[in-house]
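Colleague: I'm new to this one, so could you show it to me and let me ask how you know things?

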Amino acid sequence: MIRSLLVISAADLVQDLYLKEIRNYKAPPLKASDPEGHVQKFSAPKPPQSPEDGDIAQDLKDYEDQQVELEGQAATGDGGAPEENWFEDEPDDEGAPAAH
C-alpha cells in the first residue's frame, strides 16, 4: 500500500513539473522579416499565346485543299500489300483429342 502511494505521488510530481514548465513557456515573438527566407515571391505566369495569332485563312485553305484518303483506295497508286482479314475463322482440328 505504501508503494502505490509513492507511485501516485511520484506521478503527480512529474505531472506538476511538466505543467509548470508549460505554463512558464513564452513563445519567441515573430518578426516581420522571419518568413522572407522561407516564402518565394509571387510572379504571375506569362499569358498563353492566342491561337488567333496565326494565319487562319491560309490554314483553312490548306485544310480544304488536302486530298481525302479513303480506305481501300491507293493514295498514290503504289498498290501496296493487301490487308489481312483478322476476323477470318481458323480451321478447327475436330479429329485431334483435346490436351487438357
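Modeller: Here is a short round of questions about what is on show.

Modeller: One caution to begin with: this is a predicted model, where local features need pLDDT of at least 70, side-chain atom pairs count only at pLDDT 80 or more, and totals for chains, interfaces and linings use all residues. Residues are numbered from 1 along each chain as its sequence is written, and side-chain values use heavy atoms, with hydrogens and water left out.

Colleague: How many helices and strands are there in the protein chain?

Modeller: Two helices and zero strands. Helices (H or I, at least four residues) and strands (E, at least two) are DSSP runs, numbered from the N terminus.

Colleague: Why is tyrosine 18 called exposed?

Modeller: Its relative accessible area is 56%, and exposed means over 50%, buried under 20%, partly exposed in between (1.4 Å probe, protein chains only). So tyrosine 18 counts as exposed. Tyrosine 18 sits in helix H1, residues 2-24. As for the protein chain, 0% of its 100 residues count as buried.

Colleague: What makes the nonpolar surface patch?

Modeller: Tyr18, Leu19 and Ile22 do, over about 300 Å². Patches take residues with over 30% relative accessible area and no salt bridge; nonpolar side chains (Val, Leu, Ile, Met, Phe, Trp, Tyr) are joined within 5 Å, like charges within 9 Å.

Colleague: How do you know that aspartate 65 and lysine 61 meet in a salt bridge?

Modeller: The N to O distance is 3.0 Å, and the rule asks for a side-chain nitrogen of Lys or Arg within 4 Å of a carboxyl oxygen of Asp or Glu. So the pair qualifies as a salt bridge. A search of the whole structure finds one. Both residues lie in helix H2 (residues 56-65), four residues apart, about one turn of the helix.

Colleague: Why is aspartate 65 counted as partly exposed?

Modeller: Because its relative accessibility is 47%. Lysine 61, at 45%, also counts as partly exposed.

Colleague: Which residues gather in the patch of negative charge on the surface?

Modeller: Glu84, Glu88, Asp89, Glu90 and Asp92. Asp and Glu count as negative, Lys and Arg as positive, while His and the chain ends are not counted. Glutamate 84 lies in the segment after H2 and is exposed, at 58% relative accessible area.

Terms used. Accessible areas come from the Shrake-Rupley method with a 1.4 Å probe; for residues, only the protein chains shown count as cover. The place of a charge is taken as NZ of Lys, CZ of Arg, CG of Asp or CD of Glu.
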